[in-house]
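Hi,

Here is the structure I promised to pass on. Have a look at it first, and my notes follow underneath.

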Amino acid sequence: MILACQNISKSYLDQVVLKNINFHIEKNDKCAIVGINGAGKTTLLRIILGKEEADSGNVVISRDIRLGYLSQNQDTELDNTIYSAMQEAKKYLIEMEERIRQLEKEMEGKDSKELESILETYNRLQTKFDRENGYAYESEINGVIAGLGFTKDDYDRPVASLSGGQKMRVALGRLLLSHPDIIILDEPTNHLDMTSIQWLEGYLSSYPGAVIVVSHDRYFIDKITNKIIEIDQGQSEIYNGSYSYYSQEKAKRRQARLNAYIKQQSEIKHEEAVITKLKQFNREKSIKRAESREKKLEKIEELEKPQETKSEMRLKLEPVSESGEDVLFVENLAKAYGTNILFEDLNMDIKRGEHVALIGGNGTGKTTILKILARKLSKDGGRVNYGAKVRMGYFDQEHHDLDVNKSIFDEMADSFPEMNNTRIRNVLAAFLFTGDDVFKTIGDLSGGERGRLSLAKIMLSPANFLILDEPTNHLDIPSKEILEDALKNYTGTVLYVSHDRYFINRTASRIIELRDHVLTNYIGNYDFYEENKDRMFWLQHGQVQNLKDGDLSCGETQGQGAESTALSGRQEYENKKKLEAEKRKKENAIKRVENQIEELENEGADLDRQLNDPANGTNAGLLIELAKKKEEIDQKLEELMEEWENLQQ
């Protein structure tokens with residue numbers, strides 16, 4: 001045991017936040033602290049770190065144990081570059097290496113007595129440097145920088161010039177490189193894309209120390225943890241396993257407690273009925289027996305009824321009307337901002353009842369696609385057609401559909417005037433707005449509360465095709481679970497963008513990935529995508545020749561149990577269209593390069609005429625300028641010729 005919390009309690013005024021929290025951490029434990037927003041998770045971390053005092057209880061940390069902490073509001077103001085900021089985490093190794101080099105120089109020309117003393121220090125430092133893996137610190141820095149989504153071109157970027165999210169990534173990298181005995185992370189995935197999150201999962205899973213993490217990213221927790229500490233109603237409960245184990249075990253434990261409570265209440269009522277009956281007999285012996293039973297009843301320690309949790313609230317969603325079989329057809333969709341081409345020649349179609357997740361790296365254009373489909377943004381090219389009887393509803397992660405001056409209740413009442421007050425309150429309760437909460441002004445709500453209200457509005461709309469942009473942003477885990485259950489049972493059609501892999505895994509029947517400016521289909525959930533993403537990407541984009549013979553089987557489609565060893569006819573048709581689009585794209589590129597070559601050759605010929613014109617023969621300055629331009633054109637022509645050859649190949 002390297003850390004223990006013993007009966008930790010904390011209150012603010014009359015509000016009890018933590019009550020007798022007990023748990024311990026072993027040397028290699030990977031632990032997650034979970035609970036609803038406001039449960040006290042961050043408060044508990046601050047008490048462990050000594051940044052806040054508990055009202056009672058103790059935090060016991062073993063001797064020489066170093067803690068490393070990354071908070072949600074980390075101080076990220078640094079005066080150096082990304083690489084030098086990372087180097088600071090290895091400063092002691094760099095200084096040790098410099099001292100070793102210095103001792104090597106000092107050994108030169110020393111007599112045996114002086115040399116013996118220097119050698120002793122040198123060997124001691126060498127042993128320590130080797131033990132601390134000093135010879136690999138540069139490659140470790142490079143690996144962490146790359147894992148967190150930076151490139152070599154970013155090494156010399158000043159940290160001060162970075163965005164808030166990028167600064168947080170630098171702070172995370174410095175923490176990881178410092179190798180504390182216990183890494184403590186508060187929402188570490190908030191500023192990472194999927195690739196960086198996956199790298200961090202691998203890093204933490206194999207980290208030779210303990211990890212304590214607070215996160216709403218259930219997939220991330222599931223991948224790295226062997227212990228879950230739940231904070232509920234101020235109290236802690238330990239689950240020795242992953243998040244998936246916790247999710248199942250929690251339901252089992254609550255049901256067992258509920259069964260025990262129901263059984264005890266039944267026994268108490270039975271005993272009370274017996275006592276009443278004995279007293280009614282009005283005989284001396286029966287009254288004594290009744291009194292004896294009453295004494296036993298008074299000694300019983302009554303069990304508390306398990307409180308209903310938010311996750312047990314249910315929301316049922318049904319589209320008002322059914323659309324046709326074909327919901328959406330997109331062909332050759334294109335969008336660019338100036339010279340930055342987000343995508344072109346994108347094709348997709350969605351059928352009734354499909355729940356499709358659109359995923360891809362940050363900045364690839366996923367939100368832009370949704371805005372185009374929702375008619376909130378113009379496209380540069382292509383076609384977007386909706387099928388018969390399709391009624392679209394759009395969830396904007398920026399919540400532009402809300403009037404910040406209205407109350408929650410008025411926003412709903414004005415949006416749905418046909419609904420009575422009881423119906424409005426019931427719907428709001430399903431989205432966790434109860435009591436006087438419904439009269440809060442929207443401008444005073446948190447991001448998560450606004451998200452829930454926007455979801456409530458779109459779910460009540462007459463839409464049968466929901467387009468959702470990051471619907472789980474700012475939601476706590478119970479709120480996500482309510483939304484997941486609602487979407488899983490929704491018979492309409494859904495297309496959404498989300499970074500929440502656990503949410504995708506539970507709600508998607510198909511995944512479309514936007515990668516390298518093309519869309520790739522995966523008929524299955526997120527686990528299936530993870531197992532098959534590279535194989536299916538190459539398979540669907542005409543690169544089968546790059547695969548080994550044994551790599552063509554796609555395995556079983558997780559969540560559906562269907563085999564996906566061959567492409568369906570529709571997929572083959574889509575692949576054919578994509579290949580034709582790629583061919584057209586290359587032909588257009590060849591034509592573009594040929595036009596540029598022709599223009600430059602004409603410019604070059606004109607320069608040759610000017611250079612050979614006798615009238616210019618005595619103008620040395622003009623001749624030098626013309627010769628320089630001719631040299632530049634020749635260089636550009638050489639580059640274009642090479643590009644043309646590559647395209648022809």
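**Pockets and cavities**

The second largest pocket holds about 1,100 Å³ of space. Before more of that, the ground rules: this is a predicted model, so local features need pLDDT of at least 70 and side-chain atom pairs count only at pLDDT 80 or more, while totals for chains, interfaces and linings use all residues. Residues are numbered from 1 along each chain as its sequence is written, and side-chain values use heavy atoms, with hydrogens and water left out.

For the search itself, a 1 Å grid is laid over the protein atoms alone; a cavity is a set of points where a 1.4 Å probe fits but cannot get out, a pocket is an open set with protein on both sides within 12 Å along at least five of seven lines, and lining residues have an atom within 4 Å of a point. Points are joined across faces, edges and corners, and a volume is the space filled by probe spheres set on them.

Back to that second largest pocket: 43 residues line it, and Asn-190, Thr-472, Asn-473, His-474 and Leu-475 lie nearest its centre. Its lining splits into seven nonpolar, 23 polar and 13 charged residues (nonpolar is Ala, Val, Leu, Ile, Met, Phe, Trp, Tyr, Cys and Pro; charged is Asp, Glu, Lys and Arg; the others, Gly among them, are polar). At least two lining residues come from each of α1 (41-48), α11 (366-373), α14 and α15. Helices here are DSSP runs of H or I with at least four residues, strands are runs of E with at least two, and both are numbered from the N terminus.

There are three cavities of 30 Å³ or more, and the largest has about 60 Å³ of space. Around the largest cavity sit Ala-430, Phe-431, Leu-432, Arg-452, Leu-455, Leu-475, Ser-479, Ile-482 and Leu-483. Two elements, α14 (447-460) and α15 (477-488), give two or more residues to that lining, with α15 giving the largest share, three residues. By type, the lining of the largest cavity is seven nonpolar, one polar and one charged.

**Cysteines**

How many disulfides does the structure hold? Zero, where a disulfide is a pair of cysteine sulfur atoms within 2.5 Å. The sulfur of Cys-5 has its closest cysteine sulfur in Cys-31, 9.6 Å away, so a bond is ruled out by distance. Cys-5 is buried at 2% relative accessibility, and Cys-31 is buried too, at 1% (buried is under 20% relative accessible area, exposed over 50%, partly exposed in between, with a 1.4 Å probe and protein chains only).

**Loops and a helix**

Lys-389 isn't a glycine, yet its phi is positive, near 60 degrees. Lys-389 is in the loop between β13 (381-386) and β14 (392-395) and is exposed at 66%. Glu-470 also has a positive phi, about 50 degrees; it lies in the loop between β15 (465-469) and α15, but Glu-470 is buried at 6%.

Lys-90 is in the loop between α2 (82-88) and α3 (91-106). Lys-90 is buried, at 2% relative accessibility, and its side chain makes a 3.1 Å polar contact with that of Glu-140 (N or O atoms within 3.5 Å, one able to donate a hydrogen and the other to accept it within protein; residues adjacent in sequence count only if both atoms are side-chain atoms).

Last, α7: its buried residues include Met-194, Ile-197 and Leu-200.

Cheers
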